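Colleague: I'd like a close look at a single part of this model, beginning with whatever lines its pocket. Walk me through it, please.

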Amino acid sequence: MKVYEKDQKVKIHFKVNGQDVEYETEPRKLLVHALRELGFTGVHIGCDTSNCGACTVIMNGKSVKSCTVLAVEADGSEILTVEGLAKDGKLHPIQEAFWEKHALQCGYCTPGMIMEAYWLLKEKPDPTEEEIREGISGNLCRCTGYQNIVEAVKLASQKLRLGQTPYQRQ
Amino acid sequence: MYPPKIGYVIPDSVTEALEFLEKHDDAKPLAGGHSLIPMLKLRLLRPSYLVEIRRLQELKYLRKDGAQYSIGALSTHYEISKANIPLLSETASKIGDPQVRNMGTIGGSISHLDPSADYPAALIALDAKVKVVGTKGERVVDFASFAKDMFTPDLNQGELVKEVLINDYSGYKYSYQKLERRAGDFAIVGVAVLLKVDGEEIKDARIGLTAVNTKAVRATEAENVLKDKICEKTIEVASDLAVKYANPTSDIRGTAEYKKKVTKVMTKRAILTALGKR
């Protein structure tokens with residue numbers, strides 16, 4: 001059993017986007033702050049009551065709101081953020097679809113929205129419109145009115161099912 | 001947004017967790033963290049230590065032994081929603097949003113006991129039992145008595161919920177109807193219905209209500225009326241009777257009057273949906 005006092009720092013190790021990261025933290029620090037301090041500033045904070053989903057990342061294969069996880073809890077885990085989706089500058093099909101369907105405006109919800117879409121399409125490769133809307137109901141957007149996000153997720157599901165290779169943005 | 005300073009404990013076993021919790025009266029066990037961390041962020045709680053139980057494999061299981069499901073306390077809403085357990089899986093699928101369901105656990109939900117939580121409506125209808133573990137051993141209590149009052153579980157210092165036990169109600173028809181302002185919200189009213197139908201007759205009926213009292217209740221008079229030949233009139237009368245068991249409060253989700261009225265609507269909807277008539 002390990003016991004850390006409130007002022008004691010805890011050393012944690014986790015993988016972010018495939019890279020090993022070592023991080024020292026107070027027990028009370030939220031994962032969202034830790035990720036942002038480590039440079040993953042695509043992970044956003046849109047609320048303080050776990051509603052908005054702007055901080056959504058994939059942790060051990062599951063989409064989670066990183067504002068409602070402590071950094072110490074992430075010790076030993078594998079995390080994927082939006083920064084880890086594109087490969088060698090080639091957009092992931094979900095990113096491509098968001099671009100093609102104009103599914104973002106201010107872009108603040110976009111990283112969280114894309115990560116939730118990533119999890120949704122792993123769960124349901126061919127979702128209905130209703131399933132898409134339910135699937136992203138933990139992610140709020142103030143700009144788009146959601147319509148184009150739904151279109152983008154539909155398009156992304158087609159691209160992923162057809163196994164289209166991501167292409168270089170011109 | 002910022003939790004207060006807290007100590008943090010990573011036990012290697014349930015026994016270690018229980019011993020630590022017994023010695024520290026204001027330490028809090030951390031499961032999915034989706035009620036505890038939001039409360040810490042608003043500084044509504046100031047525990048001395050968090051005891052991380054969420055990775056203890058001993059509490060992570062979901063199995064069927066004969067006609068009984070044993071659901072380990074750390075089973076997530078997501079896992080339960082995929083487990084094809086009559087009524088309970090459907091109820092789990094309506095909790096919060098996908099991210100919440102990926103983390104939240106049944107043990108945490110019932111130890112927290114928000115009066116608007118979804119599970120209690122189903123658990124009370126299912127006659128669920130709760131296995132509680134402490135340093136001195138285990139005890140099993142009915143969910144109905146485990147839920148003493150809102151946010152008040154029957155848990156002593158140094159005890160944890162180990163598992164939830166429910167009988168297999170395969171063969172029953174069921175529905176959980178949740179009225180909400182938007183997807184992801186807590187229930188304005190939640191009604192869980194379990195019906196045993198034999199031909200044209202309802203032989204057994206169980207109706208659990210959530211969000212309209214300080215804790216979930218069974219609408220027993222409504223249940224009794226339903227145990228008859230299936231007809232519009234008994235369904236109407238039963239839905240009316242369910243309102244007798246609703247004592248809601250006026251809040252941001254609606255007035256008490258409105259919540260009473262929709263208790264009838266949601267009860268009727270749950271019965272009709274369970275019967276496949278809607």
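Modeller: Lys124(A), Glu134(A), Ser93(B), Lys94(B) and Arg101(B) lie nearest the centre of the second largest pocket, among 22 lining residues (an open set of 1 Å grid points for a 1.4 Å probe, with protein on both sides within 12 Å along at least five of seven lines; lining means an atom within 4 Å of a point). This is a predicted model, where local features need pLDDT of at least 70 and side-chain atom pairs 80 or more, while totals for linings use all residues. Residues are numbered from 1 along each chain, and chains are lettered from A in the order written.

The pocket's volume is about 770 Å³ (the space filled by probe spheres set on the points). Its lining has eleven charged residues, six polar and five nonpolar. Both chains chip in: α3 (110-123) and α4 (129-135) of chain A, plus α3 (77-81) and α5 (98-103) of chain B, each give at least two lining residues (helices are DSSP H or I runs of at least four residues, strands E runs of at least two).

Elsewhere in chain B, seven of the ten residues of β12 (189-198) are buried (under 20% relative accessible area, 1.4 Å probe). β12(B) pairs antiparallel with β11 (173-179) of chain B over seven bridges and with β13 (201-210) of chain B over nine (pairing takes at least two DSSP bridges). Val193(B) in β12(B) sits opposite Ser175(B), and its bridge partner in β13(B) is Ile207(B). The β12(B)-β13(B) hairpin has two residues between the strands, and Gly199(B) there takes a positive phi near 60 degrees.

How values were computed
Heavy atoms only, no water. Nonpolar A, V, L, I, M, F, W, Y, C, P; charged D, E, K, R; others polar. Buried < 20%, exposed > 50% of the residue type's maximum accessible area, 1.4 Å probe, protein only.
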